[in-house]
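Here are a few short exercises to work through with the model open in your viewer. Try each task before you read its solution.

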Amino acid sequence: WRMDLSQGASARTPEQITHADYVYGFGLSDDAEQGKIAYLARSGTQAPYRTCLRLLDAREPKGKLGDQEVVCDSPELSFTWSTPRFSPDQKRVYFAAQQDGDRKRVQIVEVDLTLERPQAKIITDTKVERHTPNLLHGWVDGEYLAYTSDEAGYGDVYLWSRRTRKTRRLTQHTEELLGAELLRIGNTDAVLVAHGTPAG
């Protein structure tokens, strides 16, 4: 849905701009000129479902190219709960997907939007067991995709380089990871991390 905030409160009427049976997650492009929304749209009211990455033009969602299907899932790589993230140049989208329908084998995938037939390409180690990784909003130095994952046990912060295409583990927790956010402090990128136990 979208709503025109320039209207007075009494005149603000939400307008539905997607019509999927279910939306698993969505992410906004950082480029105000493009004004794109990447979202994971599921169709079907009962299994087996079909989920596709779609691109929505937030400025003109009902236009000819306002809502485009980019790539759809398969039994080998099913799209589910995830927040899609655009690359800094807005040419790629990243999100999590289940490998072979296994909730313990969730991968991060990359979709190149410049290709004529985009595909979801796995960028994480498929041999490592992990539940849904969480992609943080923003990029470190314009190169690193930051995400959290429980693959080492409790949940840690990882950086994946789009230049070297390698992953580096930033933290080594011995308690549950409660959350993480990327911050910009002056000219420095930082990660704010909360971890501990349910008791405190």
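**Exercise 1: A serine in a loop**

The backbone nitrogen of Ala96 lies 2.8 Å from a polar atom of the Ser82 side chain. Keep in mind that this is a predicted model.

Task: Find where Ser82 sits and decide whether Ser82 is buried or exposed.

Solution. Start with the chain: Ser82 belongs to the loop between β5 (77-79) and β6 (85-86). Next, look at its surroundings. Leaving aside residues up to four places away in sequence, Ser82 touches Tyr24, Gly25, Phe26, Leu40, Phe95 and Ala96. Finally, check accessibility: the relative accessible area of Ser82 is 10%, and buried means under 20%, so Ser82 counts as buried.

**Exercise 2: Sorting aromatic pairs**

Task: The structure holds seven aromatic pairs. Classify Tyr22 with Tyr24, then do the same for Tyr94 with Trp160.

Solution. You need two numbers here, because a pair of aromatic rings is described by the distance of the centres and the angle of the planes.

- Step one: the ring centres of Tyr22 and Tyr24 are 5.5 Å apart and the planes meet at 70 degrees, so call this pair edge-to-face.
- Step two: add accessibility. Tyr22, at 33%, is partly exposed, while Tyr24, at 12%, is buried.
- Step three: Tyr94 and Trp160 come out as tilted, with 5.6 Å from centre to centre and 55 degrees between the planes.
- Step four: place that second pair in the fold. Tyr94 is in strand β7 (residues 92-99) and Trp160 is in strand β12, so the pair ties together parts 66 residues apart in sequence.
- Step five: check both partners for burial. Tyr94 has a relative accessible area of 0% and is buried; Trp160 is buried too, at 1%.

One more thing to spot: Tyr22 and Tyr24 join Trp81 in one aromatic cluster.

**Exercise 3: Charges over rings**

Task: Which rings have Arg42 and Arg162 over them?

Solution. Take Arg42 to begin with: its charged end sits over the ring of Tyr49, 3.8 Å from the ring centre. Then turn to Arg162, which lies over the face of Trp139 at 5.6 Å from the centre of that ring.

**Exercise 4: Reading a sheet**

Task: Work out which strands stand at the edges of the open four-stranded sheet.

Solution. Write down the order, β10-β11-β12-β13, and note that the pairing is antiparallel. Now look at the ends: β10 (134-140) and β13 (167-169) each have a single partner strand, so one side of each is left without a neighbour in the sheet. From one strand to the next, the twist averages 25 degrees. Inside the sheet, six bridges join β11 (residues 144-149) to its antiparallel partner β12 (residues 156-161). For a landmark, find Thr148, which stands opposite Val157 in β12.

**Exercise 5: A hairpin and a loop arginine**

Task: How many bridges join β14 to β15, and which residue in their hairpin takes a positive phi?

Solution. Strands β14 (residues 176-185) and β15 (residues 188-196) run antiparallel and are joined by nine bridges. Ile185 has Thr188 of β15 as its bridge partner. Two residues lie between the strands, and Gly186 has the positive phi, near 65 degrees.

Task: Is Arg117 buried or exposed?

Solution. Locate Arg117 in the loop between β8 (102-112) and β9 (120-122). Its relative accessible area is 69%, so Arg117 is exposed. Across space, the C-alpha atoms of Arg117 and Val70 are 8.0 Å apart, although 47 residues separate them in sequence.

Methods:
Residues are numbered from 1 along each chain as its sequence is written. This is a predicted model: local features need pLDDT of at least 70, side-chain atom pairs count only at pLDDT 80 or more; totals for chains, interfaces and linings use all residues. Side-chain values use heavy atoms; hydrogens and water are left out. Two strands pair if DSSP finds at least two bridges between them. Axes are lines fitted to C-alpha atoms, for helices over the stretch in contact, and angles run from 0 to 180 degrees between N-to-C directions. Rings of Phe, Tyr and Trp (its six-membered ring) pair if their centres lie within 6.5 Å; planes under 30 degrees apart count as stacked, over 60 as edge-to-face and the rest as tilted. Buried means under 20% relative accessible area, exposed over 50%, partly exposed in between (1.4 Å probe, protein chains only). A charge sits over a ring if NZ of Lys or CZ of Arg is within 6 Å of the ring centre and within 35 degrees of the ring normal. A polar contact is a pair of N or O atoms within 3.5 Å; within protein, one must be able to donate a hydrogen and the other to accept it, and residues adjacent in sequence count only if both atoms are side-chain atoms. Contact means heavy atoms within 4.5 Å.
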